[in-house]
Structures are given as C-alpha cells and as structure tokens.
Amino acid sequence: MPAIICVPARNEEDALPTLIAALCNLAVPPMELDVCIYLDRCTDGSAALLADKAAKLPFRLMVEHGGASVKANAGAARRAAFAMGLGMLGGREGLIFTTDADSAPERDWIAAGQRALAQADVVAGRIMRVDAMRDTEQSRLEHYYDRLHRYRRVIDPVPWEARDTHHFSGGANMAVRASAYRASGGFQPLASGEDATLLDDAARAGFRVRRDAAMVVETSSRRIGRVAEGLAGTLRALDAGRQVRVANPRGAAWQWQAQATARRSFPAIDEAEVRVALGDLLGLTADHVLGVARDCPNAEAFAMRIVPAPRCHGDTIMLAEAEDLLAAMEGAVEGEWREIAA
C-alpha cells in the first residue's frame, strides 16, 4: 500500500533542511513513498531550497505553491497538502502521514504508523519537544494530559487503542487511511485546531482513532510560531508566568463513562428498556436516543455523537488541584490502572 507524507510549510527555509534530512533517514518498509510539501504563501527561499534538493532525494518530492491571494491559514494549508497526496493516489487506498516543517520524524516513523493503521483508521503519534527540560511547566501539563487520557482508556477501553497511549492530537504527528480521510471530510480550514477537529470528526463518523506513543516526531520549542494559538504562544505565556488552569477532570470522567455506556448499549438499542436507561443517564428521550442510533454506522459513532458535554464540573481549576483530583480518580480504579500502566 503506498504511503504519502504531506507537509504544509510557511516561510520555513531554516527548518526545512532538518525535516528533509529526517525524511531521507526514514527506514521505509517495502512500499511506494512520496512526499508532498505545500508552500503556504512563502516569501522566503523555501521554494529554491526544495528545488535544489529534489533530484538528490530517495523519494519523489512534489511541491505546490499557495497563491498570494489566499489568506494564510493552518487548516487550509494542511488540507491543501493532503489534496496533493490524494491527487497522487487517485481513488486508491493509501496511508497518508503528516508532520510540520519544523519537525523531524524518528527513523521508524513510517513503520510505526503502518503498524498502528493495521489496528485503526487514524493515528496520532507522540510529539517530543526539543529542549523540553527547560519548559518544565509545559512538560508537567503534558504529563497530566497523558495521565488523563490513560485514565480515559481505563474507564472506556477500546480494542484499537495502543497499550502505550498518550494525549497528543497534533498535526505534527498524524497518519490516516486515505479512505477514512475522504469519508470524514478531511482537515477543516481553521486558523488553529484543525488536527484535533479531524480526530473528533473521524470518531463521530465511526472511524477508529488511536493514539500511539510508538510513532514519534520531534518538534521545535520555538517561541515564534505560525499559529496564534499554537505551541509557541503557549510557551511564551508560560515564560511570562501565566498560571495554568485546566478543565475539571471530573467532567471528562463523566463524559467518558457515559460514552462507554453508550457503546455497550448500541448493539441492543432496539430494546426499549436499553434506550430508556441510556436516555435517563444522558437527559434525553428514548426516541431521541433511537433517532441518533439509526443515523450511526457503528457503536463508536453512536458513543461520540449521543453523549453531550458534561453538565457539571464545567469549571476550570488550577493544574495542581486537577492533578490531585486525577490521582483520586486513578486510585478508585487502582487494579485496572496497574494493568494499563504495566
């Protein structure tokens, strides 16, 4: 099955050599591999740099230039990069990988993604930051979210999740089956958050979304970024002493437990008592529950669509308080927690 790497880049002349070197170093399984780079209104020397390197690469490199009349947009640029890859595939199935121009996939990135996509339809890999040791608050926050996601899979396990899972949902490290990408609508033209939105859209369409720590990309810890709400802005805010507040984890726990119940209920949704019980849990009528179920292709789509945002614990709290609450939640499922962490 062919694999295509699709990368958006905007004025990344300084970063592109590191990316290209990492792509050249990939240990690629026996498969067709191409790289598509979409230059998003670049005004630097990115195009000339890529043109100079193209003939010397161990893969076919396709470069497309975004028009100056098109407003720079992270989601639109990644969507355009994927359009290049889909065009190369025609209507065929394929594995499409994406990263950022300031990032470097590890040598086994394609192989790890191929293994992950044998179990799922979309995979988000782990993102490692250069010089992460100096960004202690960001590292602490990421560790908290990793714990929270592992807790999610304790109370709502799915067979396609990686045993070594994590919380990341960034476009710096993702792969997807071309068929799942087409069917879920692809990346939306959002100024930021297009990556997490794709994962949500895929799950709501019934596709299996996996977070796999075996698939690793290293990205920069730079403070000047291309997206207003991206990592660079977060690091700057933490440098300035911003206090970290997060959503109350008890709200997420309610939602995930409800999704687990909805997933278990789906095969028996034609039974009135099953619909009534689920409706009582979610604050919905049995008819509403049945209507949503009739529109869902499988239990995953149903669980993702039927469960509303939590009606309680919607406040934000200090990170230290959230860590304490999560520790108590982990303790309540101690046996299962040991098993998933082993």
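## Two loops and their spatial neighbours

Val28 sits in the loop that connects helix H1 (16–24) with strand S2 (33–39). This is a predicted model, and in it Val28 is partly exposed, having a relative accessible area of 33%. Along the sequence, 80 residues separate Val28 from Asp108, yet their C-alpha atoms are 7.5 Å apart in space.

A second loop, between strand S6 (122–129) and helix H5 (136–155), holds Val130. With a relative accessible area of 32%, Val130 is partly exposed. Its partner here is Ser103: Val130 and Ser103 are 27 residues apart in sequence, with a C-alpha to C-alpha distance of 9.4 Å.

## Strand S2 and its cover

What surrounds strand S2? Seven of the seven residues of S2 are buried, so the strand is largely enclosed by the rest of the structure. As a general guide, side chains in a regular strand alternate between the two faces of the sheet. In S2, one side carries Leu33, Val35, Ile37 and Leu39, while the other carries Asp34, Cys36 and Tyr38, and all of these are buried.

S2 also has a pairing partner: S1 and S2 run parallel and are joined over seven bridges. Within this pairing, Val7 stands opposite Ile37 in S2.

## Strand S4 between two partners

Let us move along to strand S4 (residues 95–98). Leu95 and Phe97 point one way from S4, Ile96 and Thr98 point the other way, and all are buried.

Strand S1 (residues 3–9) is joined to S4 by four bridges, and the two run parallel. With strand S7 (residues 174–177), S4 also pairs over four bridges, but in the antiparallel sense. Thr98 is a handy residue to look at here: Cys6 stands opposite Thr98 in S4, and Thr98 stands opposite Met174 in S7.

## Salt bridges across the chain

How many salt bridges does the structure hold? There are 18 salt bridges. In general, side chains of opposite charge can pair when their charged atoms come close.

One of the salt bridges joins Arg92 and Glu32, whose closest N and O atoms are 3.8 Å apart. This pair links distant parts of the chain, with Arg92 in the loop between helix H3 (74–89) and S4, and Glu32 in the loop between H1 and S2, 60 residues apart. Arg92 counts as partly exposed at 38% relative accessibility, and Glu32 is partly exposed too, with a relative accessible area of 36%. Another salt bridge involves Asp34 and Arg60, with the closest N and O atoms 3.0 Å apart. Asp34 lies in strand S2 and Arg60 in strand S3 (residues 60–65), so this pair ties together parts that are 26 residues apart in sequence. Asp34 counts as buried at 4% relative accessibility, whereas Arg60 is partly exposed with a relative accessible area of 44%.

## A helix pair and a charged network

Glu323 and Arg140 form a salt bridge as well, the closest N and O atoms being 2.8 Å apart. Here the distant parts being linked are helix H13 (residues 319–332), home of Glu323, and helix H5, home of Arg140, with the two positions 183 residues apart in sequence. Glu323 is buried, with a relative accessible area of 17%, while Arg140 counts as partly exposed at 30% relative accessibility. Elsewhere, a network of salt bridges links Arg153, Asp156, Glu161, Arg263 and Glu300.

## A negative patch on the surface

Glu106, Asp108, Asp131 and Glu218 form a negative surface patch. Of these, Glu218 belongs to strand S8 (residues 209–219), and at 42% relative accessibility it counts as partly exposed.

Conventions. Residues numbered from 1 in each chain as written. Predicted model: local features only at pLDDT ≥ 70, side-chain atom pairs only at ≥ 80, totals over all residues. Heavy atoms only, no water. Patch = residues over 30% accessible without salt bridge, like charges linked within 9 Å, V, L, I, M, F, W, Y side chains within 5 Å. Areas by Shrake-Rupley, 256 points an atom, 1.4 Å probe, with all protein chains shown as cover. Salt bridge = Lys/Arg side-chain N within 4 Å of Asp/Glu carboxyl O. Lys, Arg positive; Asp, Glu negative; His and termini not counted. Charge placed at Lys NZ, Arg CZ, Asp CG, Glu CD. Buried < 20%, exposed > 50% of the residue type's maximum accessible area, 1.4 Å probe, protein only. Pairing = 2+ DSSP bridges.
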